[in-house]
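Visitor: Could you take me through the aromatic rings in this one? I'd like a close look at a single pair and whatever surrounds it.

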Amino acid sequence: MDLELTKAIGVKRNLFSVEKISLAYSLITGIMILILFPRMDHPIQMLLERFAIVGITLGLSLLGAWWPNKLMVLVRVGFQMGLLSYWYPDTYEFNRLFQNLDHVFATIEQSLFGFQPALEFSVQYPKLWISEAFNMGYFSYYPMIALVTLAYFFQRYEEFSKVAFILVGSFFLYYFLYIFIPVAGPQFYFPAIGLDNVHAGVFPSIGDFFNYSQTLHVGPYTEKGLFCQLVETSQQVGERPTAAFPSSHVGISTILMILAWRVNKSIFGFMFPFYLLLCGATVYIQAHYAIDVLAGFVSAFIIYGVVLYGYNSFFKQNDFSLKCYTISK
């Protein structure tokens, strides 16, 4: 066995950068569960789920060492990105223990605009074609993630690992913010305090109300099209009173636009209208306050820079590359 092949096999047996940060996030949140154990709703189940994630991650890594090819790379990275749908509602299990801060953000919103954009936007523009356009933009969030990720896999494979790290790492930074900034957003807060209070500009503190309630308000649509129903169904299944500030939908989609510009400007152009609709939809469907959107946009550049710096400083030299999976016998 020659030296080049030996080195390549050694690299294959290492965890990918995106797997390492997933294990780190599992460990950190696992420690948090132990610290908050008496107050958590189902801490043992959460710990067991983390053990399962660690086990599957290590198992896929071992399988990748035995069967090194690009398909296996896609499976391993795809598994970590698929876990984001688990990690997102998981933030609720932590921030539900803290005092809710929606009254602070709603008050700021009222002082800036004199009304609540999340309440008025859909009321002022209720037509079906407008509703469908914004809901289509909102629903395009995960297809946009898939499109950019696969674009790198097929067009710039040597950067695929870095891009996966940037996306998953960015999500994790947003998730940490959500754990310690318990803001549920208008679609949860407004029903909790009553629309009479909202219209009157009165925004009381509700303490740990969302530790016991997850009532979700849907927009006042006179008609519901396909995309409206798809968004409402997905929210009923996976939405929790968490993750309002800053908007990760806006933040991550902004990072996606940066990555799309780098890999293929045609993809960037294709995604741009969906990106604009998505940003508007976060307020239109009452998922976020307008200030959440602004904070999401600004934070995207900060988080992108932090995650990219982390990758270049700690993971770049030891991460896998295309050469490791195209070795000739």
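Guide: Let's settle what counts as a pair: rings of Phe, Tyr and Trp (its six-membered ring) pair if their centres lie within 6.5 Å, and planes over 60 degrees apart make the pair edge-to-face. Keep in mind that this is a predicted model. By that rule, the count comes to 34 aromatic pairs. The one to zoom in on is Tyr25 with Trp87: the centres are 5.0 Å apart and the planes meet at 80°, so by the over-60 cut-off the pair is edge-to-face. Tyr25 belongs to helix H2 (residues 17-35) and Trp87 to helix H5 (residues 84-95), so this contact ties together parts that sit 62 residues apart in sequence. Both partners, Tyr25 and Trp87, are buried.

Now widen the view a little. Tyr25 and Trp87 are members of one aromatic cluster, which also includes Tyr86, Tyr88, Tyr141, Tyr142 and Phe171. As for the record, the unreviewed UniProt entry lists residues 20-38 as a transmembrane region, and residues 136-154 are among the others it lists. In the model, residues 136-154 are 95% helix and 0% strand, with the end C-alpha atoms 26 Å apart. Residues 50-67, also on the UniProt list, come out as 94% helix and 0% strand, and their end C-alpha atoms are 25 Å apart.

Rings here also meet charges. The charged end of Lys70 sits over the ring of Phe153, 5.7 Å from its centre. Over the ring of Trp261 you'll find the charged end of Lys265, 4.6 Å from the ring centre.

Note on methods: Residues numbered from 1 in each chain as written. Predicted model: local features only at pLDDT ≥ 70, side-chain atom pairs only at ≥ 80, totals over all residues. Heavy atoms only, no water. UniProt positions renumbered as here; feature names shortened; annotations may be inferred. Helix = DSSP H or I, 4+ residues; strand = E, 2+ residues; numbered from the N terminus. Phe/Tyr/Trp six-rings, centres within 6.5 Å; stacked < 30°, edge-to-face > 60°. Buried < 20%, exposed > 50% of the residue type's maximum accessible area, 1.4 Å probe, protein only. Lys NZ or Arg CZ within 6 Å of the ring centre and 35° of its normal.
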